[in-house]
Amino acid sequence: MTLDDRAGAAVPGAARRWPLRVAVGSAAVAVAGLATTGAGGWYYADELLQVRPEPPDYPIEVVAVVGSTVTLSGPGAQEPGVVGLEWPGGFARVGPDIDVAGEYVLRSIEPYPQLPAVGTQVRVAYYAAPNALRDLSRVAGVAARRVDFDGPLGRYPATYVPADGDRWLVHVHGRGATRGQAYRLVPTVHRLGLPQLSIAYRNDDGAPEGPHREYGLGWTESEDLAAALDWAREQGAREFVLTGYSMGGAIVGNHLRVAGSDDVVGVVYDSPVLSWLDILAYQARLRGVPAFGATVAASVVRARTGINVWAMDQVAHADRLDVPVLLIHGSGDTTVPVTSSDRFAAARPDLVTYLRTQAEHVRNWNLDPAGYEAAVAAFLTSLPALGADDGAAVQV
């Protein structure tokens, strides 16, 4: 056999080995990708479920306060819009005007109800209203007070703002947030005459811990919301408007799925979690995890906790919606993708009024307080009385 013959004879063997090598290599890559995705799915599921409270940090220094102007230095001082400045024992508001001079940021300031002293370390609070109920009552012109209600895990705190009437607006804050997330809207709703309740749920400060100190993503927290509504009914509430911020949207949506909407006349959603699958896919892309990593993470969540994120998907089940919704979401949201809200609004234009802004997550009020409050007021005053014929609006 000549060299050429040997060479020619070697080709079929190489040809046979080449597909095998490709197959083995592809399988190895697939296994590695699956393992990486599985690990990533487990890691992100853990990030989603675990409650990890962080101590407050006050990274901004108050350099000067002159009249209605404050000079600040530190990370976060340029937070856009109308926001709060918070420090131990005090709260102020700064305006949307921002003038940067080197390391210093100049903004307008108003006592809300305090002003910080020069040298005070503060932090930006996009809630833009004080957590202390005495201070909230003073700046909002209300009589806010803490109440407690019995729930499935024990006693839960809530902030109650009384008013005449039996239609109540109930605020449900987001993951890792507090009842204060709703306080920006308290004065507007109060002027309309609706009693308000901003509730705590499991794993909040002052509320019972959930099993394994993990979030239920709305699956279990909706039971706490149901208990709060029972308490409100005992105080005379007959109708409800439910307001969900971020994960509060998932809590409200799951309550409607489980308990129905018999005495719910409307819903307000601000940057809501309407689809955990959309969020998981979005966050997977940000982390460089393949798209099916979202399904892996959702499966891990279900295996660990029994939470069925598919059942809670309000976008996929938009046909079940049977109450009017005011939906407010910003295209600048880097936490909850606005595309979920886009699809939800497109699916139910008969029931969803959509205010699409450019804001970051739950910052819609901050960028345009007047526009936000006008939209909420218009929605609330357009809602029909419970049991009224369609189109029969009631003034509240």
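A polar contact is a pair of N or O atoms within 3.5 Å; within protein, one must be able to donate a hydrogen and the other to accept it, and residues adjacent in sequence count only if both atoms are side-chain atoms. One such pair joins the side chain of S271 to the backbone nitrogen of V362, at 2.9 Å from a polar atom of that side chain. The model is predicted, so local features need pLDDT of at least 70 and side-chain atom pairs count only at pLDDT 80 or more, while totals for chains, interfaces and linings use all residues. Residues are numbered from 1 along each chain as its sequence is written, and side-chain values use heavy atoms, with hydrogens and water left out.

**Backbone geometry**

- Most residues other than glycine have a negative phi, and most peptide bonds are trans.
- The peptide bond that joins Y112 and P113 is cis, with omega about 5°.
- P113 is placed in the loop between β6 (104-111) and β7 (121-125); helices (H or I, at least four residues) and strands (E, at least two) are DSSP runs, numbered from the N terminus.
- A128 is not a glycine, yet its phi is positive, at about 60°.
- The loop between β7 and α2 (133-140) holds A128, and A128 is buried, with a relative accessible area of 0%.
- Buried means under 20% relative accessible area, exposed over 50%, and partly exposed in between (1.4 Å probe, protein chains only).
- N203, also a residue other than glycine, has a positive phi near 80°.
- N203 sits in the loop between β11 (196-199) and α4 (221-234) and is buried, its relative accessible area being 6%.

**Surroundings of S271**

- S271 belongs to the loop between β13 (264-270) and α6 (276-286).
- With a relative accessibility of 0%, S271 counts as buried.
- Leaving out residues up to four places away in sequence, S271 touches S246, I328, H329, D333, V336, H361, V362 and N364, where contact means heavy atoms within 4.5 Å.
- V362 thus appears in the contact list of S271 and also supplies the backbone nitrogen 2.9 Å from a polar atom of the S271 side chain.

**Salt bridges**

- The whole structure contains 15 salt bridges, a salt bridge being a side-chain nitrogen of Lys or Arg within 4 Å of a carboxyl oxygen of Asp or Glu.
- One of them pairs the side chains of R238 and D166, at 3.4 Å from N to O.
- R238 lies in the loop between α4 and β12 (239-245) and D166 in the loop between β9 (154-161) and β10 (167-172), so this pair ties together parts that are 72 residues apart in sequence.
- D166 is partly exposed, at 30% relative accessible area.
- Another salt bridge links E223 and R202, with the closest N and O atoms 3.4 Å apart.
- E223 is in helix α4 and R202 in the loop between β11 and α4, so the pair ties together parts that are 21 residues apart in sequence.
- E223 counts as partly exposed at 41% relative accessibility, whereas R202 counts as buried at 4%.
- R348 and D350 also meet through their side chains in a salt bridge, at 2.8 Å from N to O.
- Within that pair, R348 is buried, with a relative accessible area of 13%, and D350 is exposed, with 55%.
- R202, E223 and D224 are joined into one network by salt bridges that share partners.
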